[in-house]
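Hi,

Here is the structure I said I would pass on. Have a look at it first, and my notes on one helix follow underneath.

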Amino acid sequence: MAKKKIMAVVKIQIEAGKASPAPPVGTALGPHGIAIMDFVKAYNAQTEAQAGTVIPTEITIFEDRSFSFVLKTPPTSTLIREKAGLEKAANNPGSETAGSISEAQVAEIAEIKMPDLNAVDLEGAKLQVRGTARSMGIDVV
């Protein structure tokens, strides 16, 4: 069987279990002519266990208007805010501290993010997580 020809790849971040045909889903997928409700139902079914978390999604749209999608891990900043128990990060990260996370929490986040990071090993992933925390004004203790 011949491979389907890819028409477009769309990347969007949607809250798990709460996708709807309204923006940003409708505006991102509408111009490509796919059945938005089919995507919404499939996405919500796959992400209902992670409700409330923002999940980046890569949607591949084929020439015959069919699609497939891949769920990525939540953004590092979201995971850090969750672990630190914060609503938002510092307004002035260089001179202000919003909170702190432990080294063990950094390791947990790095393990979760490992499939989507370009790190060779866990230590490299932990360095990336620490850098994101630092840029958010969150200390690693």
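In α5, the buried residues (under 20% relative accessible area, 1.4 Å probe, protein chains only) are Ala125, Lys126, Val129, Ala133 and Met136. They sit on the same side of α5, because they cover an arc of only 100° around the axis, taken from the directions from the helix axis to the C-beta atoms. On the other side, Leu127 and Arg134 are exposed, meaning over 50%.

Before going on, a word on the source: this is a predicted model, where local features need pLDDT of at least 70 and side-chain atom pairs count only at pLDDT 80 or more, while totals for chains, interfaces and linings use all residues. Residues are numbered from 1 along each chain as its sequence is written, and side-chain values use heavy atoms, with hydrogens and water left out.

What covers that buried side? The cover includes α3 (76-84), β4 (99-101), α4 (103-113) and β5 (138-140). Helices here are DSSP runs (H or I, at least four residues), as are strands (E, at least two), numbered from the N terminus.

Now α3 against α5: their axes come within 10 Å and cross at roughly 70°, with axes being lines fitted to C-alpha atoms over the stretch in contact and angles running from 0 to 180 degrees between N-to-C directions. The two helices are therefore roughly perpendicular, the word used for 65 to 115 degrees. Thr76, Ser77, Ile80 and Arg81 of α3 meet Val129, Thr132, Ala133 and Met136 of α5, contact being heavy atoms within 4.5 Å.

Right after α5 comes Gly137, with a positive phi near 80°.

Cheers

Note on methods
Angles under 35 degrees count as roughly parallel, over 145 as roughly antiparallel, 65 to 115 as roughly perpendicular and the rest as oblique.
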